[in-house]
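Dear colleague,

Please find below the structure that I am handing over to you, together with its sequence. My notes on what was found in it follow directly after.

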Amino acid sequence: DVESTTAMAGSGANIILFTTGLGTPTGNPITPVIKVASNTELAEKMPDIIDFETGAIIRGEQTIEQTADQLMEYILEVASGKPTKAMELNQNDFIPWKRGVSL
């Protein structure tokens, strides 16, 4: 996870959308990382690290398009200076690519 965000930041990403179903707590010292929970249970279990949750789609309370519009608004807020959860926690992870298998 951290290797991937490091690679994305290194390749020039301005904002990283990091989707998670397990709740990997990661940030990046260069590029804001928006952690997107794929389910409400995770978002409720780890509110200190999840920035945006999409569980309303699974529950049938919102369409994909409605949730996408909300996520886009959040991305614009972060691009305008709003800190992500990782930034608030000073979670600045950086791991260059390793040779061999990475688990």
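In which helix is Ala-79 found? Ala-79 is found in helix α4, where helices are DSSP runs of H or I of at least four residues and strands are runs of E of at least two, numbered from the N terminus. Ala-79 is exposed, because its relative accessible area is 56%; here exposed means over 50%, buried under 20% and partly exposed in between, with a 1.4 Å probe and protein chains only. The C-alpha atoms of Ala-79 and Val-33 are separated by 11 Å, although the two residues are 46 apart along the chain.

Before the remaining findings, a note on conventions. This is a predicted model, in which local features need pLDDT of at least 70 and side-chain atom pairs count only at pLDDT 80 or more, while totals for chains, interfaces and linings use all residues. Residues are numbered from 1 along each chain as its sequence is written, and side-chain values use heavy atoms, with hydrogens and water left out.

Confidence

The mean pLDDT (the predictor's confidence in each residue, from 0 to 100) is 89 for the protein, and 93% of its residues reach 70 or more. Confidence is highest in helix α4 (residues 64-79), at a mean of 98, and lowest in helix α1 (residues 2-10), at 87. Where pLDDT is low, the predicted coordinates should not be read in detail.

Overall architecture

The protein has 5 helices and 3 strands, and its elements run α-β-β-α-β-α-α-α from the N terminus on. Its radius of gyration is 14 Å, which agrees with the value near 13 Å for a compact globule of 103 residues; the radius is taken over C-alpha atoms, and the globule rule is 2.2 Å times the number of residues to the power 0.38. Along the principal axes, the C-alpha atoms fill a box of roughly 45 × 30 × 25 Å.

Of the 103 residues, 35% are buried. Among contacts (heavy atoms within 4.5 Å) with a separation of 6 or more, 40% are between residues 24 or more positions apart.

The accessible surface comes to about 6400 Å², and carbon and sulfur atoms hold 55% of that surface; the areas come from the Shrake-Rupley method with a 1.4 Å probe, and for residues only the protein chains shown count as cover.

Individual residues

Ala-37 lies in strand β2 (residues 33-37) and counts as buried, because its relative accessibility is 0%. Leaving aside neighbours within four places in sequence, Ala-37 is in contact with Thr-20, Leu-42, Ala-43, Ile-50, Phe-52, Glu-53 and Thr-54. Its C-alpha atom is 9.9 Å from that of Thr-24, a residue 13 positions away in sequence.

Met-46 is found in the loop between α2 (40-45) and β3 (52-53). With 23% relative accessibility, Met-46 counts as partly exposed. Beyond its neighbours within four places in sequence, Met-46 is in contact with Leu-22 and Gly-23. Gly-23 is 23 residues from Met-46 in sequence, and their C-alpha atoms are 7.1 Å apart.

Lys-82 lies in the loop between α4 and α5 (85-88) and is partly exposed, with a relative accessible area of 37%. Outside its neighbours within four places in sequence, Lys-82 is in contact with Tyr-74 and Glu-77. The C-alpha atoms of Lys-82 and Pro-32 are separated by 9.7 Å, with their positions 50 residues apart along the chain.

Yours sincerely
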